[in-house]
Amino acid sequence: MSMEIILAAVIVGGTGLLLGLFLGLAGKKFAVEIDEKEQQVREQLPGNNCGGCGFAGCDACAGAIVAEEAPVNACPVGGDEAAAKIAGILGKEAKKTKRMTAFVHCAGTCEKTKQNYDYCGVKDCEMLAFVPSGGPKACHGGCLSFGNCMNACAFGAIQVIDGVAVVDREKCRGCGQCALHCPKHLIEMISYEQKTAVVCSSREKGKAVMATCEAGCIGCKKCERTCPQSAIRVEESLANIDPEKCTGCGACIEACPRNIIHRI
């Protein structure tokens, strides 16, 4: 073996040794200290990184909880079980979590709403903002039916059935991602305990609604006049229910000539 090869091997080996020592020292000097409580809290979070808590992911949520920038029940997916465990770690009291679920304010199925034309483009709800009339459905406030909400749901709780998004309340974990991905803003996060809801979001006048959809609210105010609790108000031609006042008596459901107030 020539001296040149030996010298090259020594240089390469020495360089590797020095780099290893340097990286080892740098790792110790710049190491990020891990908060033990933060790590424990993170272990109680489900790990979906869905953003339902309002933070970038479960790591950020755990950090915010430990820093008291978020409550122990900040994670809607983990619910009361995760909140109780986190409260135990931090020595705090866990308040009962209000379970939320997604609700789609549209009943305009393929049979009930008219189509202006046959659409053969990209099957993406957000892309329909760039096509004539905002999509093929005659109702401009209805579900676009291409499932951006469904694709955003990590729990398989929402499906598009007969042209309208439908939520499985038992599977829904209340993260709100479906609502964020609906360009028509038809999906609302409501209390799981809410008794009735209006399955429409159109604010068109009654005549225009009747010309486009068999299931749209026409703003007739029969529900408003019938409700014994004054829980319904028609604003901008659309009925709205105050869940705090509603007792679920069903009077509005019986009075609605369009059958768009549903018991849930």
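Mentor: In this predicted model, helix 2 and helix 4 cross in a right-handed sense.

Trainee: What makes a crossing right-handed?

Mentor: A crossing is called right-handed if the near helix is turned clockwise from the far one by less than a right angle. The crossing of helix 2 and helix 4 is of this kind.

Trainee: At what angle do helix 2 and helix 4 pack, and what is that arrangement called?

Mentor: The angle between helix 2 and helix 4 (residues 79-90) is about 165 degrees, and their axes are 9 Å apart. Angles over 145 degrees count as roughly antiparallel, so helix 2 is roughly antiparallel to helix 4.

Trainee: Which residues make the contact between helix 2 and helix 4?

Mentor: Helix 2 contributes K37, Q40, V41 and Q44, while helix 4 contributes A82, K85, I86, I89 and L90. By class, this contact has five nonpolar, two polar and two charged residues.

Trainee: Why is helix 2 called oblique to helix 3?

Mentor: The axes of helix 2 (residues 36-44) and helix 3 (residues 58-66) cross at roughly 125 degrees and come within 9 Å. Roughly perpendicular covers 65 to 115 degrees and roughly antiparallel begins over 145; the angle falls in neither class, so helix 2 is oblique to helix 3.

Trainee: Which handedness does that crossing have, and which residues make the contact?

Mentor: Helix 2 passes helix 3 in a right-handed crossing. On helix 2 the contact is made by K37, E38, V41 and R42; on helix 3, by C58, D59, A62, G63, I65 and V66. This contact has five nonpolar, one polar and four charged residues.

Trainee: How much space lies in the largest pocket, and which residues are closest to its centre?

Mentor: The largest pocket holds about 490 Å³ of space. Its lining has 23 residues, of which E188, I190, Q194, I241 and P243 are closest to the centre. Strand 4 (187-191), strand 5 (196-198) and strand 7 (238-241) each give two or more residues to this lining.

Trainee: What classes make up the lining of the largest pocket?

Mentor: The lining has 11 nonpolar, six polar and six charged residues.

Notes:
Residues numbered from 1 in each chain as written. Predicted model: local features only at pLDDT ≥ 70, side-chain atom pairs only at ≥ 80, totals over all residues. Heavy atoms only, no water. 1 Å grid on protein atoms, 1.4 Å probe; cavity = no way out; pocket = protein on both sides within 12 Å on 5 of 7 lines; lining within 4 Å. Points joined across faces, edges and corners; volume = space filled by probe spheres on them. Helix = DSSP H or I, 4+ residues; strand = E, 2+ residues; numbered from the N terminus. Nonpolar A, V, L, I, M, F, W, Y, C, P; charged D, E, K, R; others polar. Axes fitted to C-alpha atoms, helices over the stretch in contact; angles between N-to-C directions. Parallel < 35°, antiparallel > 145°, perpendicular 65-115°, else oblique. Contact = heavy atoms within 4.5 Å.
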